[in-house]
Each structure stands twice: as C-alpha cells, then as structure tokens.
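User: I am new to reading protein models and would like to go through this one step by step. Could you take my questions in turn and explain the reasoning behind each answer?

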Amino acid sequence: MIKRISKSGILVGLAILLVLGTALLSGCAKEASAPSGKISVVSDYPSLTPLVDFVGEEDLSVLNLVGFKAADRAMKELGFERGDPDILALTDAGYIAQIGEYTSEGALDGVIMTAATSQGKASLINVHKPYNSPLWFAFFDKKSKNCVYLEAKSDVLKTYLDREKTGRDAALTAFMKLKDGEIFSPIAKENIDAAKLLNNPEPWQEKMVARVFGGNEFSLITLCNLWAMGLPNDFMKVAELHDHICPGLTSGYMITKYIKENFPSANPRNEYTVIAIPPWCKDDAMIQIFETNVGHKAMYVKHLTKEQQKALSGEAKKVANIFINKATNKGIVVGFDWPKVYEVAEMPDEAIAKFRDFTTYWWWWGRLKEDIALMGYLDKPEDFVCTIKEFDTTPEQIEKLTTAGVNPLVELGIMP
Ligand SMILES: [Zn+2]
C-alpha cells in the first residue's frame, strides 16, 4: 500500500516536473526568440514609444536619445504637446555636425518622433554646419516667440557613444538617467520676437555678445521670426544651406524668381552657367534653386575690387549675376537694387552707415529689419531685380567668360 502510494506519488511528481519543465523550457524559448536587442529602457520611459517604434528597439541609439532629451526638455520649457503646429524645431544634427567620429543623423529622428516636427510639415529646419560644429537643438513657439536652445556636450555624448558599442542596454539606461544639465550646455530660453528686438535692441545685443544660443543667435532670430511669417519651403531649403536669413540671401531668392520668369530653362542644372560677380549671400540661393553648383561647373565666382566697383556706372552698379543658357547661347546680366531695400525697410541712415559695424547692434538690427520688410516682396522680384544687359554668345565666349583672369563685365562691355 505504502509502496503503491509512493509509486503513484513518484509518477505524479514526475508528471508535475515534466509539465513544469516544459513550461520553463517554452518560457526560455520565448525569451530567446524575443528581439535580440530588447532593452529595459523603453518600459521605463513610455514617452520613448513613438521614437522606439520608428527606429526599432534593436537599433535605438544614444544619438536617438539625445534628440529625444532635447525635444522632451523643450516640450516642458515651452509647454507644448507633440505635433503642435506652432512649434518649429531647428538643429544641425546630421548636416553635418559630428561627435568625434560619430555622425549625428540619429538625433534627427529623436527630435522628429518626440516633438512630431518634420521637414514634411515644414516645421523642422536642418541647418548646415561644418563637421566639427557642436550638435545643437532649438525649438521656437510661434505664439509666444519663445525659443529654447540646447547644445549637446560633445565629450559626454562621445563617452556614451563609445560605451554603447560594448554594452548598449547599460549605456542607454545610464544615458536616460542623466540630468539635462549633464548632457546639454547651455540650455537657454529667450524671447526672440523680432518686433521686441527691433524696438529695444540693447538688451538683445548683450545676449548676442554673451552668445546665449552658442553663437547661433543671428541664425535663430532670423530663421524663427521669418518662419513665423510664413517662409516658403524653397526659401527654407535655401536658408538651411546658408545657415541664416539675411537680406543678401533674400536678394538671391528674388533673383532666382526673376530668372525663372525672365530667363527660364527646362534644365537649369545642365543649361545654365552662372557667374557670381560679385559674389554675396545670394549665390547660395542659385545653388539650391537651380542646382547650379560649383562642382557641376555651373557656377563661377568672381570678386570685384573696390576700384572695379567704382568703375561701374548707372544700372551696372547693381550688378549681381550673369546667367548664360548653353542650349540657346543667350545670356542675361542681372542687378539688384539695394537702395530700394533701404527704402522699403525704412532704414535709418545710422543703420545703413553701421551695417557692417559688428561691434554694435546695428549689424543684426539692420539685417533683421530688412529681412522682415522683404518678406512682403518675395513675389515681386521685379521691384528689386533688373536686367542690365541681354546678349547672344557662343560656346567659345562662354568658356572665355568663365576662365581665370578674364573679367566678364569688361568682356560684355558693361565695365570699361
Ligand atoms: Zn548671409
């Protein structure tokens, strides 16, 4: 009896063990078949969900998280929810700021998926900077005109990116636990309403000198305020390359509009030869709008000395660009009317006189004032751009005009 009981007891025991074992094994199997990159950080921070869903848990990186952290802080500082149409994000992430050897494009996804601002929604300006520029983020609220700026500490970021290579889960978890001040410096919040800055420039000048936005003050006050006024998307792409919006860039944008109307080409990248004479900010607009890069041999740049400038008279004083169409062998010399800009922007004499005095507020004051005035004329390029000369040419002359040592204005009879 006892034996029998114990026998059946053993059998029951074995059966229980078998069931438990199977359950354990299947549990282990489940664990093993989960994504190999499964990490704990996601369950600890639910607000990471949109970002993690987008990049994939197995590919989540410290770079994604720095974008998340910047956006998350800005959302608290400015009091906005993800997807708020009044918010503009700006960053040099991925274009082309690097952290040591690490490229920074992952931070873009961190911003886009956290704040839900994007280039497709025209609520993200990706500012071009050199490879060794600090990685920075800015968020601007159209309603309050407040702007939050965060600059990533390169050394901290690099440490975590190095750690990520050998122990990603631990690196991500540790990075998420860092305080904002340990990742970013400076973290600044300023009101950059153009009307306020123009009416009372001294306090802002102090902040410009103090580099409250890490040296990006002029970029941010112009990009943000003009975006709030309804910056067209093609102009935004021009500004991304140029880093800021100045009246020089706007003049270039207007010249491209004038050329589209008065000297059109079905294939600008292949047909146009553009000579920038003299070059100024405008020429970045030509490159973006017509894809007439120097590297495509579609853009030639020729400086004019003070003496050469003095030799220009009449309409030729306005000279800005020569456009040649290689398909038709026709050319046009266009000019830009700066006195007209002073007029429409109601520039005080002192602002014109001190336009290049970078020791006072006048330099940014004058540019911001003109920027804002010109926004009302983006569709009226003919008010500022003029045709100085139209001409017929030949492949031989085109080669000559673009060759080193040749002054195309002399060649075309515009300058003695
Ligand atoms: Zn400029």
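User: How many helices and strands does the secondary structure of the chain come to?
Analyst: This is a predicted model, so what follows describes a prediction. Counting the elements along the chain, the secondary structure comes to 21 helices and 12 strands.

User: Why is the chain said to be more spread out than a compact globule?
Analyst: The C-alpha trace spans about 125 × 50 × 35 Å along the principal axes of the chain. For 416 residues the globule rule gives 22 Å, and the chain is more spread out than a compact globule because its radius of gyration is well over that value, at 30 Å.

User: What share of the contacts in the chain with a separation of 6 or more is between residues 24 or more positions apart?
Analyst: Buried residues make up 40% of the 416 residues in the chain. As for the contacts with a separation of 6 or more, the share that joins residues 24 or more positions apart is 73%.

User: How many of the residues of helix α5 are buried?
Analyst: Helix α5 covers residues 106–115, and the rest of the structure largely encloses it. Its buried residues include Leu108, Val111, Ile112 and Met113, and what covers them includes the helices α3 and α4 as well as the strands β1, β4 and β5. The number of buried residues in α5 is 10 of the 10.

User: Which residue follows α5, with a positive phi?
Analyst: Just after the helix α5 comes a residue whose phi is positive, near 55°. That residue is Ala116.

User: Are α12 and α15 parallel or oblique to each other?
Analyst: The axes of α12 (residues 233–242) and α15 (residues 283–290) come within 9 Å and cross at roughly 125°. An angle between 115 and 145 degrees is neither roughly perpendicular nor roughly antiparallel, and α12 and α15 are therefore oblique.

User: Which residues of α15 make the contact with α12, and how many residues of the contact are nonpolar?
Analyst: From α12 the contact draws on Asp234, Lys237, Val238, Leu241 and His242, and from α15 on Asp284, Ala285, Ile287, Gln288 and Ile289. Sorted by class, the contact has 2 polar and 3 charged residues, and the number of nonpolar ones is 5.

User: Is Pro264 buried or exposed?
Analyst: Pro264 sits in the loop between α13 and α14, and its C-alpha is 8.9 Å from that of Asn325, although the two are 61 residues apart in sequence. A residue with 12 or fewer C-beta neighbours within 10 Å counts as exposed, and because Pro264 has 10 of them inside 10 Å, it counts as exposed.

Technical notes: Residues are numbered from 1 along each chain as its sequence is written. This is a predicted model: local features need pLDDT of at least 70, side-chain atom pairs count only at pLDDT 80 or more; totals for chains, interfaces and linings use all residues. Axes are lines fitted to C-alpha atoms, for helices over the stretch in contact, and angles run from 0 to 180 degrees between N-to-C directions. Helices (H or I, at least four residues) and strands (E, at least two) are DSSP runs, numbered from the N terminus. Angles under 35 degrees count as roughly parallel, over 145 as roughly antiparallel, 65 to 115 as roughly perpendicular and the rest as oblique. Two residues are in contact if their C-beta atoms, placed from the backbone, lie within 7 Å. Ala, Val, Leu, Ile, Met, Phe, Trp, Tyr, Cys and Pro count as nonpolar, Asp, Glu, Lys and Arg as charged, and the others, Gly among them, as polar. The radius of gyration is taken over C-alpha atoms; the globule rule is 2.2 Å times the number of residues to the power 0.38. A residue is buried if 20 or more other C-beta atoms lie within 10 Å of its own, exposed if 12 or fewer, and partly exposed in between; C-beta atoms are placed from the backbone.
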